[in-house]
Amino acid sequence: MELKEIRTKLTDAIIAGNIPQIVTFTMTMAFHMGSSDVHIEPGERVVRLRFRVDGLLQEIIEYPSNIHSAVVSRIKILSGLKIDEQRKPQDGRMQMSTDDRKLIEMRVSSLPTLHGEKICMRIQDKNRSIPSLEELGLRGNNYKSMLATIQNPNGITLVTGPTGSGKTTTLYSALSMLNTVDVNIMTIEDPIEYEMKGLSQSQVQPDIGYDFFFGLRTALRQDPDIIMVGEIRDQETIEIAIRAALTGHMVLSTIHTNSAAATITRILDMGVKPYKITSSLRTVEAQRLVRKICEQCKEEFEPEDIIKKEISQELEKLHPNEDFDRSLLKNIKLFRGKGCPHCEGTGMKGRISIFEVMLMTREIEKLILESGSERAIEELAISQGMTTMVQDGYIKALLGITTLEEIYKVATS
């Protein structure tokens, strides 16, 4: 079924007041548009339906508020929530098949608001394959560093970035390379975002005391080789992760910081001694998601001289061994999307990550032990071959993958 036809069917279902079809075609349309989240937001007279596509919310349609309670009830029934509970938030899950028989799963959250319950649904495509590190956007020195890291039998690898920057997907991509019959891989997650054969996956339940710390401590009794922990949030969890790494395990996890070097400061602020960091941490990888230019309507253009100068100055700082065609700097061209039906007129379609990967070398370990500043750690990492997120973004802009505007949004020099 084409997207235009689905939109028409959704409109017809709203006009007819057909609640089951409203819900079904909403989910089908969201799936076909590649949405990550569906927002159903009640107002005084109408309810607004919005989808998050490639990180940005798009308004899809409105329907009368007098049918909203029926729509909410339908969603609650499908996701196992209490229909008669409207005073407090609820969380649930639901599954459905699209018109082409693809199974999608949704995490459903309800929230009481002034004009009724707001529904937010996170879409998980159960048929989606886990992308490779190259498909995620890792390239050059960053790719080599990440590859060297996951070939190390022990130590901690941390992936950092804001919420929704693709950290968990990167971890799963690494796990897919490590997932062989001769290793025991365990994950402690909140929630489990991908089901992967060969892994022992467990979801935390904080309301009964099963948090990341308790899960990680328990996982160590399960004879693991590799442990993936959803997030490092406190000193207790990082300390047990360090203990696991020092006893021969590989630990992969995420943490919230602004850059690779800032992660060191964050861990120190948690109360971890510098010598514990240097003895256990192997790599910190920072990332952001940027939108890709639509391949159907991409066009080349020549930027202003000030932009050319900015790009040249930044990329001339790249380490000599970085795999980058420096001839691109002689006649700088950039790309943009004109807008077409394929990209809904936005000029952008899909997303890719920009990265920086900091390997813990002996020199960086020495600087940490000497209480070196965040800036000093970053400069040392760059001098040893780290390509920063800004530089990685500029390279992807020159290659016609994304725009400079996208890089400005998520990364700064």
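## A right-handed β-α-β unit

A crossover counts as right-handed if, with the strands pointing away from the viewer, the path from the first strand over the helix to the second runs clockwise. In this predicted model, such a right-handed β-α-β unit is made by strand 10, helix 8 and strand 11. Strand 10 covers residues 226-229, helix 8 covers residues 235-246, and strand 11 covers residues 250-255.

The two strands of the unit run parallel and are joined by four bridges. Within this pairing, valine 229 has serine 253 of strand 11 as its bridge partner.

## Strand 11 and its surroundings

Strand 11 also pairs with strand 7, which comprises residues 155-160. Six bridges join strand 7 to strand 11, and these strands likewise run parallel. Here threonine 160 has isoleucine 255 of strand 11 as its bridge partner.

Is strand 11 mostly covered or mostly uncovered? The strand is mostly covered, with six of its six residues buried. The burial applies to both faces: Met250, Leu252 and Thr254 lie on one side, Val251, Ser253 and Ile255 lie on the other, and all are buried. Two of these residues also appear in the pairings described above: Ser253 is the bridge partner of valine 229, and Ile255 is the bridge partner of threonine 160.

## Helix packing

Two packed helices are described by the angle between their axes and the distance between the axes. Helix 8, the helix of the β-α-β unit, packs with helix 7, which spans residues 212-219. The axes of helix 7 and helix 8 come within 9 Å and cross at roughly 15°. Angles under 35 degrees count as roughly parallel, and helix 7 and helix 8 are therefore roughly parallel to each other. Helix 7 passes helix 8 in a left-handed crossing.

A second packed pair consists of helix 2, residues 19-32, and helix 3, residues 68-79. Their axes are 9 Å apart and the packing angle is about 65°. Angles of 65 to 115 degrees count as roughly perpendicular, so helix 2 and helix 3 are roughly perpendicular to each other. The crossing of helix 2 and helix 3 is right-handed.

## Cysteines

How many disulfides does a search of the whole structure find? The search finds zero. Cysteine 294 illustrates the result: the closest cysteine sulfur, in cysteine 340, is 3.7 Å from the sulfur of cysteine 294, which is too far for a bond because a disulfide requires the two sulfur atoms to be within 2.5 Å. Cysteine 340, correspondingly, is in no disulfide, and the nearest cysteine sulfur to its own is that of cysteine 294.

Both cysteines fall under the 20% limit of relative accessible area for burial. Cysteine 294 is buried, at 0% relative accessibility, and cysteine 340 is buried as well, at 15%.

## Two further positions

Threonine 263 is located in helix 9, residues 260-269. Threonine 263 has a relative accessible area of 0% and is therefore buried. The C-alpha atom of threonine 263 is separated by 12 Å from that of proline 162, although the two residues are 101 residues apart along the chain.

Methionine 1 lies in the segment before helix 1. Is methionine 1 buried, exposed or partly exposed? Methionine 1 has 37% relative accessibility and so counts as partly exposed, since this class lies between the limits of 20% and 50%. Methionine 1 and threonine 98 are 97 residues apart in sequence, and their C-alpha atoms are 9.7 Å apart in space.

Note on methods: Residues numbered from 1 in each chain as written. Predicted model: local features only at pLDDT ≥ 70, side-chain atom pairs only at ≥ 80, totals over all residues. Heavy atoms only, no water. Buried < 20%, exposed > 50% of the residue type's maximum accessible area, 1.4 Å probe, protein only. Pairing = 2+ DSSP bridges. Axes fitted to C-alpha atoms, helices over the stretch in contact; angles between N-to-C directions. Parallel < 35°, antiparallel > 145°, perpendicular 65-115°, else oblique. Left-handed = near helix turned anticlockwise from the far one by under 90°.
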